[in-house]
Amino acid sequence: MTSSASPAGMMLRYRTDLRACDAVVRATGNGRGRIRNDRTLATPLLVQLGSDRRAEASDALPTEIALLPAQSAGVFARRGWVGDILLDEGVRLGARTWLLERGKSDEADRVAAIGYASEAVAPVADYWSQDVQTTAGWLRPGVLQIVASTSGVTVRTPSVGTGGAA
């Protein structure tokens, strides 16, 4: 995930080779880095879009196969963050875009991804009283990119892999 805002002293940067975010400390004139707060919404948007939100009870999990209802992926099948219990009622960390892993790479998946992204960034938008716009587009079959923009900050997911080609 990347942000188009200029970095403050410390920021999150997505590394495609590791499929993870790194904390990056920007060096000053003497070669040392200083930790400063990023005063943009890039970091909270990265956290929300890059974390797996717990699936709702009504969500079909990518590991479920329709004709095998007795299967179970175990206690962690619905993913999510255990710390959600510490948040206000109904507030959850992350995005449910992971549910599209076995998608069909079609328009329905793209629209669902926008809905999941909007749901994920809503707490950030509400907390900072900002309007966050979310969009999604196919980079190529099976690779969907989500974009969230607000106040001069644009965050792009690296990609959301879906199952097949359109």
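Reader: What makes the meeting of the Glu-107 and Arg-110 side chains a salt bridge?

Author: The side chains of Glu-107 and Arg-110 meet at 2.7 Å, N to O. A salt bridge is a side-chain nitrogen of Lys or Arg within 4 Å of a carboxyl oxygen of Asp or Glu, so this pair, with its 2.7 Å, is called one. Behind the term stands the idea that side chains of opposite charge can pair when their charged atoms come close. This is a predicted model, in which local features need pLDDT of at least 70 and side-chain atom pairs count only at pLDDT 80 or more, while totals for chains, interfaces and linings use all residues. Residues are numbered from 1 along each chain as its sequence is written, and side-chain values use heavy atoms, leaving out hydrogens and water.

Reader: Where do Glu-107 and Arg-110 lie?

Author: Both Glu-107 and Arg-110 belong to helix 2, three residues apart, which is about one turn of the helix. Helices are DSSP runs of H or I with at least four residues, strands are runs of E with at least two, and both are numbered from the N terminus. The protein chain has two helices and seven strands, and along the sequence they follow the pattern β-β-β-α-α-β-β-β-β.

Reader: Why is Arg-53 called buried or exposed, and what about its partner Glu-56?

Author: Buried means under 20% relative accessible area, exposed means over 50%, and partly exposed lies in between, with a 1.4 Å probe and protein chains only. Arg-53 has a relative accessible area of 8% and is therefore buried, whereas Glu-56, at 35%, counts as partly exposed. The two form a salt bridge whose closest N and O atoms are 3.8 Å apart, and both belong to a network of salt bridges that also links Asp-59, Arg-96 and Glu-119.

Reader: What makes the salt bridge of Asp-52 and Arg-79 a link between distant parts of the chain?

Author: Asp-52 and Arg-79 are 27 residues apart, although both are in the loop between helix 1 and helix 2. Their side chains meet at 2.8 Å, N to O. Asp-52 is partly exposed, since its relative accessible area is 32%, and Arg-79 is partly exposed with 32%.

Reader: What is unusual about phi of Ser-105 and Ser-129?

Author: Most residues other than glycine have a negative phi. Phi of Ser-105 is positive, near 55 degrees, and Ser-129 has a positive phi of about 50 degrees. Ser-105, in the loop between helix 1 and helix 2, is buried because its relative accessibility is 4%. Ser-129, in the loop between helix 2 and strand 4 (133–140), is exposed because its relative accessible area is 65%.

Reader: How do you know which residues form the largest nonpolar core?

Author: A nonpolar core is a set of buried Ala, Val, Leu, Ile, Met, Phe, Trp, Tyr and Cys residues joined through side-chain atoms within 4.5 Å. The largest one here has 26 residues, and Leu-45, Leu-49 and Val-155 have the most contacts inside it. Helix 1 (42–50), helix 2 (107–127), strand 5 (143–150) and strand 6 (153–156) each give two or more residues to this core, and helix 2 gives the most, with seven. Contact means heavy atoms within 4.5 Å; leaving aside neighbours within four places in sequence, Leu-45 is in contact with Val-121, Val-124, Val-132, Thr-150 and Val-155. In soluble globular proteins, nonpolar side chains tend to be buried together.
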